[in-house]
Every structure is written in C-alpha cells, then in structure tokens.
Amino acid sequence: AYVDYDGLRGHLHLQYLTPYMDKPDAPSAEADSDLYHTHTPVKLTWNTPERTEQCRLRLYRDGNLEQDLFLDEEQFTSDTLPAGSYRAEVSACNRTGASAAATEFTVVDTYTVTYHSHQGADIPQPQRSQGGEILRVSQQIPQCPGFVFMGWSDTEGGNIVTHTPGQALTQPKDTDLYALWR
C-alpha cells in the first residue's frame, strides 16, 4: 500500500496494490485412470499455474459434493473411494479470482475370491469381479492325494460345505474359500 497526502485539500488517499493483476490461468487436472475399483487408490494430479496462491479441490460423487479441500500440493490420493461417478474440480485461486479445470472418473465395486487348499494342489487362482459382476465359484477341482474334494467352506477349519463349483457368489464382498477333504 502507499499513502498520498494532498496537503492543500487535507485528503488522505490509500491505494492497495495487489501483486497479482489477473486471476490465475486454468490448471490442467487429470486422474491417472478413468476407471477405478473400490480397493484401488485414486490419484489426481494437476499443475499450479503462475499467480496461484492456493488450490482448491472439490470432489463430487453422483452429483453431490463429497469433499472440499484447499491443498498446497499438486496431487490428491485417496486410499479408497465408494463406488460412483466422480467429478473432480480443481481451482487455482488468488485474490483477484479463480480458474478451474475438471476431470471425471468412475469407481466400481469389486471383490476378490481367494481359494485355500489345506495342503492340496491345483488350487484355483484368485478371482476378481469387474464392476459389480456376480462371480461363480471356480469349476477347477483341487487335488490332494488320498482325499476326495467335497467342496468349499467359507470358514477356515470348517467342516460344512458352503460353496460348490459353479455356484454364484451372491454377496459382493471379499471371500476366502477353504477346500474340504474327505
């Protein structure tokens, strides 16, 4: 600020000068993917244009504001986000205004089925759902010399068959299945 005193008329004039005459240029924002799974971290990055004092991230899920953050860094990483359609708006702000950019991405429900053999062989590989699809128990039958495979239990050390090959897994959640032998 500077002061100008007009002694003849007795007026005091104050003028505040801002170091920024224009609002910042728009940042460029991007997600490192346009499709994420609920168990996958989401990473957003952007550049900080000149004349930026602060960056603001507004994260919308299915049209509703989920997070409103002021950040010093040029990235945002979330361990996991719930399923939905997202829009991330990044604003570069200073005292004279703001410029914004946006990126969109989707998070879909996923889950994994993991098989355990209890000393058997030929165990199915883990299965991962893609976007909420219903998985079926693997048709692959594990082998254990001297034993007959009975089915799968959802309890380690269990003795009741809860799942059979080809059966639909109707509860979309991470599941561990344990081979039962007779």
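## A partly exposed glutamate and its partner

E66 is partly exposed, with a relative accessible area of 40%. Its salt-bridge partner is R61. The closest N and O atoms of E66 and R61 are 3.6 Å apart. R61 is partly exposed as well, at a relative accessible area of 24%. This is a predicted model, and every value here is computed from it.

## The open sheet

Five strands build an open sheet. Their order is β4-β10-β9-β6-β7, and the pairing is mixed. β4 (35-37) and β7 (64-71) are the edge strands. Each has a single partner strand, so one side of each is left without a neighbour in the sheet. From one strand to the next, the twist averages 25°.

At the β4 edge, the pairing is with β10 (residues 97-108). The two strands run in the parallel sense and share three bridges. One residue of note is L35, whose bridge partner in β10 is T106.

## Aromatic pairs across the strands

The whole structure holds five aromatic pairs. Y36 and F105 make one that is edge-to-face. Their centres are 5.4 Å apart, with 80° between the planes. Y36 sits in strand β4 and F105 in strand β10. The two residues are 69 apart along the chain, and the pair links these distant parts.

Are these two rings buried or exposed? Y36 is buried, because its relative accessible area is 3% and the cut-off for buried is under 20%. F105 has 2% relative accessibility and also counts as buried.

F105 has another ring partner, Y86. Here the centres are 5.1 Å apart and the planes stand at 5°, so the pair is stacked. Y86 lies in strand β9 (residues 84-94) and F105 in strand β10, so this pair ties together parts that are 19 residues apart in sequence. Y86 is buried too, with a relative accessible area of 3%. Elsewhere, Y115, F149, W152 and W181 form one aromatic cluster.

## Salt bridges

Side chains of opposite charge can pair when their charged atoms come close. A search of the whole structure finds seven salt bridges. Which residue does the side chain of R51 meet in a salt bridge? The partner is D25, at 3.2 Å from N to O. R51 lies in the loop between β5 (42-46) and β6 (54-61). D25 lies in the loop between β2 (11-15) and β3 (29-31). The pair links distant parts of the chain, 26 residues apart. Both ends are partly exposed: R51 has a relative accessible area of 27%, and D25 has 46%.

A further salt bridge joins E104 and R87. The closest N and O atoms are 3.1 Å apart. E104 is in strand β10 and R87 in strand β9, 17 residues apart. E104 is exposed, because its relative accessible area is 51% and the cut-off for exposed is over 50%. R87 is partly exposed, at 34%. Salt bridges that share partners also join R56, R58 and D68 into one network.

## Strand β10 in summary

Strand β10 recurs in these contacts. It pairs with β4 in the parallel sense. F105 in β10 forms an edge-to-face pair with Y36 and a stacked pair with Y86 of β9. E104, also in β10, forms a salt bridge with R87 of β9. F105 is buried, whereas E104 is exposed.

Technical notes:
Residues are numbered from 1 along each chain as its sequence is written. This is a predicted model: local features need pLDDT of at least 70, side-chain atom pairs count only at pLDDT 80 or more; totals for chains, interfaces and linings use all residues. Side-chain values use heavy atoms; hydrogens and water are left out. Two strands pair if DSSP finds at least two bridges between them. Helices (H or I, at least four residues) and strands (E, at least two) are DSSP runs, numbered from the N terminus. Axes are lines fitted to C-alpha atoms, for helices over the stretch in contact, and angles run from 0 to 180 degrees between N-to-C directions. Rings of Phe, Tyr and Trp (its six-membered ring) pair if their centres lie within 6.5 Å; planes under 30 degrees apart count as stacked, over 60 as edge-to-face and the rest as tilted. Buried means under 20% relative accessible area, exposed over 50%, partly exposed in between (1.4 Å probe, protein chains only). A salt bridge is a side-chain nitrogen of Lys or Arg within 4 Å of a carboxyl oxygen of Asp or Glu.
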